[in-house]
Amino acid sequence: MSARRIFTGPARLAAIAPYLWMVLFFLVPFGFVLKISLSQTAIAQPPYLPVFDPTQGFEAIKAAFAALSLDNFKLLVSDHLYVLSYLRSLVVAVVSTSILLLIGYPIAYGMARLPQRWQSVAMMLVIVPFWTSFLIRIYAWINILQHDGLLNQILLALHLVSAPVVWLSTDSAMYIGLVYSYLPFMILPLYATLAKMDPSLLEAANDLGASPLRAFWLLTFPLSLPGVGAGVLLCFIPIVGEFVIPDLLAGSHSLMIGQILWLEFFTNKDWPVASAAAVALLILLVPPLLLYDRLQRRQLEGAR
Amino acid sequence: MAEELSKPEPQAVSADLPLLRIDAVVKTFGGFRAVDRLSLDIGAGEFFALLGPSGCGKTTLLRMLAGFETLDEGRILLNGTDIGPVLPHQRPVNMMFQNYALFPHLTVRDNIAFGLRRARMPRSQIDTRVAEMIALVKLEGLETRKPDQLSGGQKQRVALARSLARRPKVLLLDEPLAALDKKLRESTQLELMEVQRRLGMTFIIVTHDQEEAMTVADRIGVMAAGRLEQVATPRELYEAPGSRWIAEFVGDINLFEGQVASREANRLAVSTNAGMLLAAQPRQPITNTIVAVAIRPEKVKLSRRGPMPDPLNAQAVNRLEGVVTDVGYLGGLTTYKLKLDSGAVLRSSMANTARIDIDAYSAGQRVVAWFTPDDCVVLEQ
Ligand SMILES: Nc1ncnc2c1ncn2[C@@H]1O[C@H](COP(=O)(O)OP(=O)(O)OP(=O)(O)O)[C@@H](O)[C@H]1O
Ligand SMILES: [Mg+2]
């Protein structure tokens with residue numbers, strides 16, 4: 001009963017604010033998108049049918065409901081263009097998240113082992129790129145990767161290559177861009193879990209006969225798994241839907257689902273198919289989110 | 001040539017070297033000497049206790065033995081070999097950490113088995129050893145719990161079991177029983193002594209509890225500011241403290257400062273603020289004239305009239321008169337605080353041998369306090 005008393009007045013408002021936010025800015029828009037995804041394209045304003053119009057009365061709404069169909073989703077499943085782009089999105093996300101983990105873990109580990117006053121400096125260095133606009137940084141990469149760009153100049157100067165390498169419009173360029181852009185999202189959660197690890201645990205493992213390497217695998221790594229989970233999801237989910245980086249750095253021979261969405265929406269003006277693609281993307285991302293939720297809940301239970 | 005004769009003895013080398021020799025070790029933290037040229041020999045099978053105020057370097061010394069701190073100076077010899085270059089995970093030394101350092105993602109059972117698995121012990125043996133350890137620390141039924149589902153005392157017992165499980169040659173225990181209640185602490189002390197004796201292990205225990213040190217240890221080392229002030233058996237430490245500081249640190253004591261007035265064959269007369277006191281001549285001859293006479297409270301007897309004249313025992317007796325100002329009933333003991341006629345304060349404690357004590361004194365009562373010269377210790381600064 002005391003718990004109920006706590007949530008009165010402004011406190012109660014604070015408690016429901018996140019839900020209000022979710023309803024207003026996620027569920028309601030998602031409802032719109034879901035509805036459009038079940039509609040048909042039309043040359044009209046808005047460019048789809050049916051349109052719910054409450055002024056036309058109950059029968060009209062019933063008819064509108066009857067006109068909804070799963071045709072767009074059937075199209076998505078049957079047209080290999082869409083299926084391939086989903087697959088490509090997943091592959092790109094898996095590959096770049098793996099690279100991010102391989103690069104980010106040692107960096108986070110090193111940061112956590114720095115003397116206390118250097119840790120905040122390292123943290124600043126990780127965050128500093130955010131002070132420049134994301135798009136500007138990607139354009140900078142285009143500059144670096146172009147035919148006579150910095151990278152090729154260095155490679156030529158070091159005689160590592162004899163002729164300029166084509167970087168732009170390749171998957172390599174896209175992966176460089178993705179890893180570069182998402183690295184802080186991998187490092188920060190990893191660093192947070194590694195930094196709060198009690199160093200005496202490693203000493204205890206050492207004391208009980210585990211070499212430093214074994215102690216890493218038996219203690220540091222398992223205890224950092226919540227951070228790994230958070231970092232992987234923070235990178236994986238946005239990368240699946242990534243649009244700007246593949247569009248600017250990768251070739252146009254195969255597209256990621258984000259690019260398909262853009263094409264359908266702005267070039268083909270096919271809002272229903274674009275909406276269906278967006279809904280399908282969301283459904284695709286539900287399993288990893290559920291997994292993360294499970295992990296977090298288990299961690300909370302452990303921390304009791 | 002004499003050396004040739006003694007050579008056939010195979011253990012000759014280790015026989016004159018103790019199991020553990022700590023030789024003038026120094027550890028500095030940014031200019032501060034946490035351990036300051038400390039030397040100590042500990043024999044095989046010994047139960048050694050380190051006693052000392054907080055921050056005097058006890059944990060640092062243990063960490064050097066376990067290999068977590070490098071020595072700035074000095075050597076540590078185990079069985080005659082310098083273990084300085086031996087990494088912690090290769091030392092036959094285990095440590096129970098002051099903060100337990102239990103592995104949070106492992107169950108009680110896996111925590112205890114951790115060291116055994118690293119030693120590549122066969123699984124069936126691990127199971128029996130773990131069960132044995134769990135029984136020893138009375139954690140039956142909690143085997144599958146994780147550390148954060150345990151109480152403070154239970155965690156401490158898991159840490160103890162984990163460090164004991166490998167049966168190291170030397171076990172370092174950093175305040176192993178501090179979080180246990182009195183009953184459990186006392187029974188665990190007995191268990192520790194029993195395990196130590198049965199397995200012939202060498203234990204070095206750090207404790208704040210003097211009674212605990214006295215109970216479990218063969219010898220006690222009193223540390224202050226990174227140095228060992230005295231190393232002695234519990235009885236010696238209590239009855240013949242090496243300095244005023246130790247006398248005050250270990251147990252309760254009455255101290256009276258004064259000047260040596262006269263010396264006889266086996267007796268000193270010291271003129272103190274409590275009056276002239278007779279004390280036995282200490283083993284080490286006193287060089288100073290300014291000294292302190294120390295008497296443990298339980299050696300101060302109280303009576304209404306003073307000691308009975310005893311013709312058989314012509315020994316002189318110290319006799320001080322005063323008024324009881326404070327009475328503290330502690331169950332087994334009653335402590336009295338007296339204001340002597342000389343103005344000095346004297347504490348006395350007496351065992352409550354009868355349930356209804358008609359001899360108990362009350363505040364305001366005039367009494368005579370007396371003790372023999374043999375009960376006094378004369379200490380120089
Ligand atoms: N890593 C360190 N850096 C700097 N100073 C340290 C470090 N470890 C210990 N000290 C200092 O060395 C001294 C001895 O510390 P230590 O932990 O050995 O004390 P202790 O005798 O175990 O005390 P307690 O009984 O409170 O556990 C303390 O003054 C402490 O502040
Ligand atoms: Mg300590």
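Helices (H or I, at least four residues) and strands (E, at least two) are DSSP runs, numbered from the N terminus. With that in hand, chain B comes to 10 helices and 20 strands, while chain A has 14 helices and 2 strands.

This is a predicted model, where local features need pLDDT of at least 70, side-chain atom pairs count only at pLDDT 80 or more, and totals for chains, interfaces and linings use all residues. Residues are numbered from 1 along each chain as its sequence is written, chains are lettered from A and ligands numbered from 1 in the order in which they are written, and side-chain values use heavy atoms, with hydrogens and water left out.

## The two chains

Let's start with chain A. Its C-alpha atoms fill a box of roughly 75 × 75 × 35 Å along the principal axes. The radius of gyration (taken over C-alpha atoms) is compared here with a globule rule of 2.2 Å times the number of residues to the power 0.38. For a compact globule of 304 residues that would be near 19 Å, but chain A has 25 Å.

How much of chain A is buried? Buried means under 20% relative accessible area, exposed means over 50%, and partly exposed is in between (1.4 Å probe, protein chains only). Of the 304 residues of chain A, 37% count as buried.

For chain B, the C-alpha box is roughly 75 × 65 × 45 Å along the principal axes. Of its 381 residues, 48% count as buried.

## The magnesium ion

Which protein atoms hold the magnesium ion, ligand 2, as donors? Donors are N, O and S atoms within 2.8 Å of the metal (3.2 Å for Na, K and Ca); water is not among the atoms, so sites may look incomplete. Here the protein donors are OG1 of Thr59(B) and OE1 of Gln98(B), lying 1.8 to 2.5 Å from the ion. Thr59(B) lies in helix H3 (residues 58-66) of chain B and Gln98(B) in the loop between strand E6 (93-96) and helix H4 (108-118), so the pair ties together parts that are 39 residues apart in sequence. Thr59(B) is partly exposed, at 26% relative accessible area, and Gln98(B) is partly exposed too, at 39%.

## Around ligand 1

Thr59(B) turns up again at ligand 1. A residue is near a molecule or strand if one of its heavy atoms lies within 4 Å of it. There are 13 residues around ligand 1, and Ser54(B), Gly55(B), Lys58(B), Thr59(B) and Thr60(B) come nearest.

Some side chains also make polar contacts with the ligand. A polar contact is a pair of N or O atoms within 3.5 Å; within protein, one must be able to donate a hydrogen and the other to accept it, and residues adjacent in sequence count only if both atoms are side-chain atoms.

| Side chain | Partner | Distance |
|---|---|---|
| Thr59(B) | oxygen atom of ligand 1 | 2.5 Å |
| Thr60(B) | oxygen atom of ligand 1 | 2.5 Å |
| His208(B) | oxygen atom of ligand 1 | 3.1 Å |

Taken alone, ligand 1 exposes 640 Å², and the protein buries 61% of that. Those accessible areas come from the Shrake-Rupley method with a 1.4 Å probe; for residues, only the protein chains shown count as cover.

Where does the shell come from? The elements that give two or more residues to it are strand E2 (32-42) and H3 of chain B. H3(B) supplies the largest share, 3 residues.

As for chemistry, the shell divides into 4 nonpolar, 7 polar and 2 charged residues. In this scheme Ala, Val, Leu, Ile, Met, Phe, Trp, Tyr, Cys and Pro count as nonpolar, Asp, Glu, Lys and Arg as charged, and the others, Gly among them, as polar.

## Backbone details

Chain A has a cis peptide bond from Gln45(A) to Pro46(A), with omega near -5 degrees. Pro46(A) sits in the loop between strand E1 (40-41) and strand E2 (48-49) of chain A. The bond from Leu49(A) to Pro50(A) is cis as well, with omega near -10 degrees, and Pro50(A) is in the loop between E2 and helix H3 (58-67) of chain A.

Over in chain B, Ala101(B) has a positive phi, near 50 degrees, though it is not a glycine. Ala101(B) lies in the loop between E6 and H4 of chain B and is buried, at 2% relative accessible area. Arg120(B), also not a glycine, has a positive phi of about 55 degrees. Its place is the loop between H4 and helix H5 (123-136) of chain B. Arg120(B) counts as exposed, at 71% relative accessibility.
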